[in-house]
Amino acid sequence: MLMLDPRRLRLLDDLSRLGTIAAVAQLRGYTASAVSQQLATLEREAGIPLLERTGRRVRLTDAGAALAAATDDVLLALEQAEASVLAARGTAVGTVRIGAFPTAVRTLLPTALARLAERHPGLRLHVVELDPADVPAALRDDRVDIGLVQDYDVVPRAAARGIQSAPLLEEAVHLATRGRAARTVADVRDEPWILAGPGTLCRAAAVHLCRAAGYEPVTRHVVDDFATVLALVAAGQGVAIVPQLAAVDVPPPVRLDPVGTTRRTRVAHRAGAGRRPEIRAFVDVLRAVAEELPHA
């Protein structure tokens, strides 16, 4: 029976996705030499060539590609086994790395973190701001343990392989304009837009709404922070869409009108980690906090 080190299997899987040893080394915080040595050891353990080297480039052999493809299932089984052991222990301890978008960091997490610290003093909580679109990769790469993912009903997203998620909250989405009169997305076709950065769901939702109204938005500013977006709208710099969770401390010149669209947030983790006590504790507390928010 082959005895393959899961840590080296992860490096092989990283190489299959990222394409270069340098990229794997950067992701894992190793030197390129250390990654090469670990992969060479994995080849000796497997007893068959896993890599082909052509000059400075490296590619997976057919056997290496097959082994990399099986790595997800191996790591999932190992994480499930570890989670079962920890669940039997029942105590939520250790470090939980949380990836969350800035609005949630400001509105949801302070209360959740305080409650977790009080109920589970053995937990060490570490928060990093992440765009929801980046969370699945961060979970897969083991850079975070739990994260917040999103979609809009007009821009649905398929679940990422190896990731499980549960509903957290749904929010109405508003059109933010300067003035007193109610306006629709169709009404502001001649206004400049303040859009989120390329690749973000918020930008995709705004563009979808504009196209549904028969036009392409003209971008004046590209801003991801909703507090800054509202300040720019107040200054007459354009219009924007803003979810309910971000609609706090709205400057008086700004009017918010619902656009009939919903943003949906889910709390996600690797598929094998669901039974870990620290993950369950975090999810339970975060969902309780979300239910207390006026997010409808």
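Which residue in strand 10 is the bridge partner of Pro167? In the predicted model described here, that partner is Arg266. The pair belongs to the contact between strand 6 (residues 163-178) and strand 10, which run antiparallel and are joined by 14 bridges. Strand 6 also pairs with strand 9, again in the antiparallel sense, through four bridges. Within this second pairing, Leu175 has Ile241 of strand 9 as its bridge partner.

These strands are part of an open sheet of six strands, arranged in the order 4-3-5-10-6-9. Pairing in the sheet is mixed. Its edges are formed by strand 4 (123-129) and strand 9 (240-243), each of which pairs on one side only. From one strand to the next, the twist averages 30°. Toward the strand 4 edge, strand 3 and strand 4 are paired in the parallel sense, with seven bridges between them. One of the residues involved is Ala100, whose bridge partner in strand 4 is Glu129. In general, strands of a sheet pair through backbone hydrogen bonds, in either the parallel or the antiparallel sense.

Two helices that lie across strands of the sheet were examined. Helix 6 (residues 109-119) lies across strand 3 and strand 4, and its direction makes an angle of about 165° with strand 4. Helix 8 (residues 201-212) lies across strand 5 (146-152), strand 9 and strand 10 (254-270). The angle between helix 8 and strand 5 is about 5°.

Helix 8 also contributes to an internal space. The structure holds one cavity of 30 Å³ or more, and the volume of the largest cavity is about 60 Å³. Its lining consists of Ile194, Leu195, Ala196, Cys202, Ala206, Val223, Phe226, Val229, Ala240 and Ile241. Two or more of the lining residues come from each of strand 7 (192-195), helix 8, helix 9 (226-234) and strand 9. By class, the lining comprises 10 nonpolar residues, with no polar and no charged ones. Ile241, listed in this lining, is the residue that bridges to Leu175 of strand 6.

The largest pocket encloses about 830 Å³ of space. It is lined by 37 residues, of which Arg10, Leu75, Glu79, Asp142 and Arg270 are the closest to its centre. Helix 1 (6-18), helix 4 (62-89), strand 3 (94-100) and helix 10 (277-292) are the elements that each give two or more residues to this lining. The lining of the pocket divides into 20 charged, 11 nonpolar and six polar residues.

At the N-terminal side of the sequence, an unreviewed UniProt entry places the feature "domain: HTH lysR-type" at residues 4-61. In the model, this span is 62% helix and 14% strand. The C-alpha atoms at the two ends of the span are 17 Å apart.

Definitions and conventions: Residues are numbered from 1 along each chain as its sequence is written. This is a predicted model: local features need pLDDT of at least 70, side-chain atom pairs count only at pLDDT 80 or more; totals for chains, interfaces and linings use all residues. Side-chain values use heavy atoms; hydrogens and water are left out. On a 1 Å grid over the protein atoms alone, a cavity is a set of points where a 1.4 Å probe fits but cannot get out, and a pocket is an open set with protein on both sides within 12 Å along at least five of seven lines; lining residues have an atom within 4 Å of a point. Grid points are joined across faces, edges and corners, and a volume is the space filled by probe spheres set on the points. Ala, Val, Leu, Ile, Met, Phe, Trp, Tyr, Cys and Pro count as nonpolar, Asp, Glu, Lys and Arg as charged, and the others, Gly among them, as polar. UniProt positions are given in the numbering used here, feature names are shortened, and annotations may be inferred rather than shown by experiment. Two strands pair if DSSP finds at least two bridges between them. Axes are lines fitted to C-alpha atoms, for helices over the stretch in contact, and angles run from 0 to 180 degrees between N-to-C directions. Contact means heavy atoms within 4.5 Å.
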